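Work through the exercises below with the sequence and the coordinates open beside you. Each one sets a task and then solves it step by step.

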Amino acid sequence: MEPPSGQPPAGKRWHTREDSGIRLDASLRWWHDDEPVEHPKIIELFNISLVLDDAGRYQLRIGSDWCYVQVADAAFEVRTVDVTPDERVSIRLSDRTAEALELPSLCLEGDGVLTCRVKQGRSKARFSRDAQYQLGQLLEPAPDGGLQLCAGSRRYPVALSLDGLSASD
């Protein structure tokens with residue numbers, strides 16, 4: 001198919017792979033040309049199609065088609081927190097993948113929402129309310145006065161930070 005030529009219709013613009021007009025805001029809402037994307041199936045498609053390329057740029061990859069997208073902060077949402085049979089903590093993300101929770105990367109943002117690093121530390125994920133509640137159910141006071149995460153019989157120390165300041169400081 002030939003790319004469009006000439007001037008776009010009034011009030012519109014041509015989109016390219018470099019300038020798709022698609023962005024993900026800090027609250028994990030999708031936008032296209034400053035209009036919210038509201039259809040649940042399109043939102044789900046965007047969530048499962050979001051990838052980070054080798055250069056550190058986010059792309060939507062749908063079949064053989066792709067474009068760059070702007071990501072304001074976190075790229076993924078932690079949807080659930082589970083304890084695995086081998087007593088590790090696993091998180092499921094908005095792209096339908098699961099991975100081990102990297103406890104040292106847990107951070108409490110200024111708005112009270114937990115975040116962590118995902119995708120081998122290359123991306124940031126923001127916890128949903130449900131996932132934050134699930135993680136909270138695993139936390140208890142540690143003997144040293146800090147926090148520990150309980151996964152079966154295992155106990156993991158947790159040092160949450162608020163804007164870069166460790167809770168244990």
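**Exercise 1. Classify Asp 33 by its accessibility, and describe its backbone and its place in the chain.**

Asp 33 counts as partly exposed because its relative accessibility is 30%, where buried means under 20% relative accessible area, exposed over 50%, and partly exposed in between, with a 1.4 Å probe and protein chains only. The model is a predicted one, in which local features need pLDDT of at least 70 and side-chain atom pairs count only at pLDDT 80 or more, while totals for chains, interfaces and linings use all residues. Residues are numbered from 1 along each chain as its sequence is written, and side-chain values use heavy atoms, with hydrogens and water left out.

The next step is the backbone: Asp 33 is not a glycine, yet its phi is positive, at about 50 degrees. Its place is the loop between strand S2 (30-32) and strand S3 (35-36), where strands (E, at least two residues) and helices (H or I, at least four) are DSSP runs numbered from the N terminus. As background, most residues other than glycine have a negative phi.

**Exercise 2. Is Gln 120 buried or exposed, and which loop holds this residue?**

Gln 120 has a relative accessibility of 80% and therefore counts as exposed. The loop that holds Gln 120 runs between strand S12 (114-118) and strand S13 (123-127). For the backbone, Gln 120 has a phi near 60 degrees, which is positive although the residue is other than glycine.

**Exercise 3. Give the strand order of the sheet that contains S5, and find its edges.**

Begin with the order, which is S4-S5-S6 in an open sheet of three strands with antiparallel pairing; two strands pair if DSSP finds at least two bridges between them. Strand S4 (50-52) and S6 are the edges, since each has a single partner strand, so one side of each is left without a neighbour in the sheet. On average, neighbouring strands of this sheet are turned by 35 degrees against each other, direction ignored; axes are lines fitted to C-alpha atoms, for helices over the stretch in contact, and angles run from 0 to 180 degrees between N-to-C directions.

Then look at the pairing of S5 with S6, which is antiparallel and has four bridges. Arg 61 has Trp 66 in S6 as its bridge partner, and Ile 62 stands opposite Asp 65 in S6. Two residues lie between the strands of this hairpin, where Gly 63 takes a positive phi near 60 degrees.

Finally, add the helix: H1 (residues 40-49) lies across S4 and S5, at about 115 degrees to S5.

**Exercise 4. Which residues line the largest pocket, and which elements supply them?**

A pocket is an open set of points on a 1 Å grid over the protein atoms alone where a 1.4 Å probe fits, with protein on both sides within 12 Å along at least five of seven lines, and lining residues have an atom within 4 Å of a point. The lining of the largest pocket consists of His 15, Thr 16, Arg 17, Ser 20, Ile 22, His 32, Phe 46, Leu 60, Ile 62, Asp 65, Trp 66 and Cys 67. Strand S5 (58-62) and strand S6 (65-68) are the elements that give two or more residues to this lining, and S6 provides the largest share, three residues.

The volume of the largest pocket is about 250 Å³, taken as the space filled by probe spheres set on grid points that are joined across faces, edges and corners.

**Exercise 5. Trace the pairing of S9 with S8 and with S10, and state how S9 is covered.**

Strand S8 (residues 76-83) pairs with S9 in the antiparallel sense over five bridges, and Val 78 stands opposite Leu 93 in S9. Five residues separate S8 and S9 in their hairpin, with Glu 87 in the turn at a positive phi of about 65 degrees.

On to the next partner: S9 and strand S10 (residues 98-100) pair in the antiparallel sense over three bridges, with Ala 100 in S10 as the bridge partner of Ser 90. Their hairpin has four residues between the strands, and Arg 96 takes a positive phi near 70 degrees there.

As for cover, strand S9 (residues 89-93) is mostly covered, with four of its five residues buried.

Terms used: Contact means heavy atoms within 4.5 Å.
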